[in-house]
Structures are given as structure tokens and as C-alpha cells.
Amino acid sequence: QVQLVESGGGSVHAGESLRLTCVASGDIWRINNWAWYRQVPGKDREWVASITHADSASYLDSVKGRFTITSDSAKKTVYLQMNNLQSEDTAVYYCKAHLALPRDWREYIHWGQGTQVTVSS
């Protein structure tokens with residue numbers, strides 16, 4: 001059974017940094033694409049950043065230059081380095097993986113449980 005577990009959230013002051021980690025476990029053949037999303041109460045979940053198996057990254061405009069997404073395929077892990085955090089970055093952050101299973105041509109989508117990031121000004 002595939003599971004994604006996030007860690008690294010917390011409470012910081014504006015201008016500080018956090019590093020989120022998401023680890024996938026289970027019988028996974030390959031992770032094709034990782035993404036980070038965030039959600040605040042009463043709003044839709046918002047895409048933040050993505051990285052492909054070929055290490056091509058893309059970002060929400062408001063986080064460009066402050067956030068960096070990286071992945072380690074051998075560890076089945078994705079990271080989100082968040083620098084110069086601002087109060088508007090406060091949200092629950094979720095990782096998402098598009099992955100393939102052994103002997104199965106289909107692609108599956110899995111989500112983590114979320115980790116809270118709180119930034120005070």
C-alpha cells in the first residue's frame with residue numbers, strides 16, 4: 001500500500017525558513033511527478049510547485065525565488081525549501097505524487113496528510 005508522509009511544518013516569523021519533506025513508501029516502480037499544494041480554511045487547495053522525473057521544476061508566481069522544490073528518486077522523497085516566508089504563506093501544505101506501480105501501466109495519484117505552516121508577521 002502506497003503512503004505519503006510529510007514533515008517539517010511549524011510556526012516561524014516572517015523572513016524565516018522551513019524545509020518540508022515528503023516520503024513515499026510502498027511497492028512503487030517510479031514516481032513520475034511530485035507536487036506541493038497548500039490550502040487555507042475556506043479556500044480551494046492551491047498548487048505551489050511541481051517537479052518531474054527529469055527534474056524540471058515549476059512554481060506558483062508568488063513563491064518564485066523564495067521556494068525550491070527538489071526530489072531524490074532513490075529515496076522516493078520530495079522537498080520544499082521555503083525561504084523568506086510571509087504571512088500569506090500560512091496554510092496546510094500537501095504533497096502529491098503521480099506514480100507507477102510494478103507490472104501496472106496505469107498512473108496513480110496519491111496525497112499526503114498535510115503539514116501545517118504558520119508564519120507570523
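# Notebook: strand 4 and its surroundings

**Entry 1, N33.** I began with N33, whose place is in strand 4, and I kept in mind throughout that the model I was reading is a predicted one. I then asked which residues N33 is in contact with once its neighbours within four places in sequence are left aside. The list I obtained holds S50, I51 and T52, together with K96, A97 and H98. I also looked up T70, which lies 37 residues from N33 in sequence, and found the two C-alpha atoms 11 Å apart in space.

**Entry 2, the strand itself.** Next I took strand 4 as a whole, which covers residues 30-39, and noted that the strand is mostly covered, with 8 of its 10 residues buried. I looked up its partners one at a time. With strand 9 (residues 91-100), strand 4 pairs in the antiparallel sense over 9 bridges, and within this pairing I31 stands opposite L99. With strand 5 (residues 46-52), strand 4 is joined by 6 bridges, and these two strands also run antiparallel. As a marker for this second pairing I wrote down W36, whose bridge partner in strand 5 is A49. Strand 4 and strand 5 form a hairpin with 6 residues between them, and in the turn I found G42 with a positive phi of about 85°.

**Entry 3, salt bridges around R38.** I searched the whole structure for salt bridges and the count came to 5. I followed R38, which is found in strand 4. R38 forms a salt bridge with E46, and the closest N and O atoms of that pair are 2.8 Å apart. How accessible is each of these two residues, in relative terms? E46 counts as partly exposed because its relative accessibility is 34%, whereas R38, at 7%, counts as buried because the cut-off for that word is under 20%.

R38 forms a further salt bridge with D89, where the closest N and O atoms are 3.0 Å apart. I noted that this pair links distant parts of the chain, since R38 sits in strand 4 and D89 in the loop between strand 8 (77-82) and strand 9, 51 residues apart. The relative accessible area of D89 is 0%, so D89 is buried.

From D89 I went on to R66, and found that the side chains of D89 and R66 meet in a salt bridge of 2.7 Å, N to O. Here too the pair links distant parts of the chain, with D89 in the loop between strand 8 and strand 9 and R66 in the loop between strand 6 (57-59) and strand 7 (67-72), 23 residues apart. Both D89 and R66 are buried. Taken together, R38, E46, R66 and D89 are linked in a network of salt bridges. I added one more entry for R38, as a polar contact of 3.0 Å joins its side chain to the side chain of Y93.

**Entry 4, the nonpolar core.** Y93 came up again when I turned to the largest nonpolar core, which has 30 residues. Which of its residues touch the most other members? I found W34, W36, L80, M82 and Y93 in that position. The elements that give two or more residues to this core are strand 3 (18-25), strand 4, strand 5, strand 7, strand 8, strand 9 and strand 11 (115-120). The largest share, 5 residues, comes from strand 9.

**Entry 5, an open sheet.** Last, I looked up the sheet that holds strand 7 and strand 8, an open sheet of 4 strands in the order 1-3-8-7 with antiparallel pairing. Why is one side of strand 1 (3-7) and of strand 7 left without a neighbour in the sheet? Both stand at the edges, each with a single partner strand, and therefore one side of each has no neighbour there. Neighbouring strands of this sheet are turned by 15° against each other on average, direction ignored. Between strand 7 and strand 8 I noted 6 bridges in the antiparallel sense, and in this pairing I69 stands opposite L80 in strand 8. I closed the page with a cross-reference for L80, which is also one of the core residues that touch the most other members.

Methods:
Residues numbered from 1 in each chain as written. Predicted model: local features only at pLDDT ≥ 70, side-chain atom pairs only at ≥ 80, totals over all residues. Heavy atoms only, no water. Buried < 20%, exposed > 50% of the residue type's maximum accessible area, 1.4 Å probe, protein only. Pairing = 2+ DSSP bridges. Contact = heavy atoms within 4.5 Å. Salt bridge = Lys/Arg side-chain N within 4 Å of Asp/Glu carboxyl O. Core = buried A, V, L, I, M, F, W, Y, C linked by side-chain atoms within 4.5 Å. Polar contact = N/O pair within 3.5 Å; in protein donor to acceptor, adjacent residues only side chain to side chain. Axes fitted to C-alpha atoms, helices over the stretch in contact; angles between N-to-C directions.
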